[in-house]
Amino acid sequence: MQLRVGSHGSLEECKDPGTKVPNQPRTLPLRLLQVLLLFLGVGLMCSIFSMYMIRYVGSQNVVSVARTGMEPCISKPNSLESWTKPPSSILHIMNDTELFWRATFVSRIKDYPFKRVPKIAFMFLTRGPLPMAPLWEKFFSGNERLYSIYVHSLPTYKSDFPPSSVFYGREIPSQMVEWGRMSMCDAERRLLANALLDISNEWFVLLSEACIPLHNFSVVYIYLSRSRYSFMGAFDEPGPYGRGRYDENMAPEVTLTQWRKGSQWFEINRELAVDIVQDDLYYPKFEQFCRPACYVDEHYFPTMLTIRFPQLLANRSLTWVDWSRGGAHPATFGKDDISEEFFKNIFGVTTCIYNNQPTSLCFLFARKFAPNALEVLLENSAKFFGY
C-alpha cells in the first residue's frame, strides 16, 4: 500500500492492483452457521440427558414402590378399579344436590366385570350417641367383607368411638332433622346416597339408635340376599291417621286411592334406593302438602314406591315394634323388660309371608330399647340371638 498527496493536500491511500482485499459480507453467513450448529449440538445433548433422567427416575420410582408399597405421586389413568373401589373416606364437601346426582350413577349391565361381594349397608339415623353400639359390635364381628355402616347424627354431636370400633369414622356429613318433617326424609335420602357411593352395597337397612339385631349376622344376610322383595310397609288405612292425612292438592301425582302409610324403618334393594334418591316428581308434593299432623316419614316412601314398584315390595317391615301401649310413639323397653320369654314372644307369635311362602321368621330387628337394657342384652346375646 502506498500514500500520495491528493489534490487538496491531503494524504490518500493508493491501492496496489495486485493486493486482494477480503470480501467482508461473505464472512457473516459462515459465523451464523457456526452459532446455529453450536445451539443444535447443545440442544441434542440436553435431549439425550433428559431422556436418560426420565428413564432413570422412572425406574427408581418402580423400585421405590416395590420396596415401600407407596405409589408415586403421578396421576393414574382411569381404570376399572377407580370406579369400583368404595370411597376411602365417607367425609366429603358435596351438598345434597351434588351428592344425590353422584349417587344415582347406575350400571345398566347387571353382569359385573369384576368380583363383587354384595354387602348390606346398615344406616343409623340418630340424634346423638349409639347406646347399643357394643351389642352391634358383637353382631358385626367376623363379617367385615359383608357390611358397611353409615351414621347420620345431629351436626352438633361429636362421637367418641375408638379407632377399634366398627363405627369409627362412619358418620356422614349431616344436617338438622325435625321429627315428622321433610328433613327426616332428607336425612334418610342422605344416608341412602352416601351408601350408594359404594357399588358393593346391595341392600340398605334403616335403623335407629334404639334398634337391636334379633338374629346373628349370617341369618340376616341370608334372609336379605335370598329375598325376592324389599321390605317396606305400605297400607291403605281408611281412618283419620291414614287417608285422613291426604291433601287433594297432591293430585294428579298422588291420588287418594294411591295414598299409603307404613313404618319408617325399612330394608330396600339397590334399585329402589336409587329411585328414592333421584325422585323429583313426588318429593315436592310431599314436602309442600304433608306436614304435621301429616307425618311425612310415614307416607312419602310407602306411597311413592307403591305407585312405582308395587311388585317389588313385601309390604311389611323387618323391624318389630310394640304399639299396644298407645300414644304417638311405640313402647320403650328397659332392663326389667328383658327376658327369654320376652323374645320368645317376638319370635314365635307371628307368621308372615317370605318369598310367597308362610314363615315364622318375620323380624330381623327390634326397637325401642333404653340404654339401661344394654348390659342384660350383652350378657344374654348368645342365648337370645345366637351371637
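I began with the lining of the largest cavity in this predicted model, and sorting its residues by class gave me five nonpolar, two polar and no charged. The residues I listed around this cavity are I346, F347, T350, S360, L361, C362 and F363, and the space inside comes to about 40 Å³. My search of the whole structure had turned up two cavities of 30 Å³ or more.

I then looked up the second largest cavity, which has a volume of about 30 Å³ and a lining of six nonpolar, two polar and one charged residues. Among the residues that line this second cavity I noted V205, L206, W265, E267 and F365.

Since I346 lines the largest cavity, I turned to helix α10, residues 340–348, where I346 is buried along with F342 and F343. Viewed down the axis of α10, the buried residues fall within an arc of 85°, so they line one face of the helix. I also checked what covers these buried residues, and the list includes β6 (212–213), β8 (319–320), α11 (374–379) and α12 (381–385).

L206, from the lining of the second largest cavity, led me to strand β5, residues 201–208, in which eight of eight residues are buried. I found β5 paired with strand β3 (residues 119–125) in the parallel sense over seven bridges, and here M123 stands opposite L206. With strand β7 (residues 267–269), β5 pairs in the antiparallel sense over three bridges, and I recorded I268 in β7 as the bridge partner of F204.

Conventions: Residues numbered from 1 in each chain as written. Predicted model: local features only at pLDDT ≥ 70, side-chain atom pairs only at ≥ 80, totals over all residues. Heavy atoms only, no water. Buried < 20%, exposed > 50% of the residue type's maximum accessible area, 1.4 Å probe, protein only. Helix = DSSP H or I, 4+ residues; strand = E, 2+ residues; numbered from the N terminus. Arc of directions from axis to C-beta. Contact = heavy atoms within 4.5 Å. Pairing = 2+ DSSP bridges. 1 Å grid on protein atoms, 1.4 Å probe; cavity = no way out; pocket = protein on both sides within 12 Å on 5 of 7 lines; lining within 4 Å. Points joined across faces, edges and corners; volume = space filled by probe spheres on them. Nonpolar A, V, L, I, M, F, W, Y, C, P; charged D, E, K, R; others polar.
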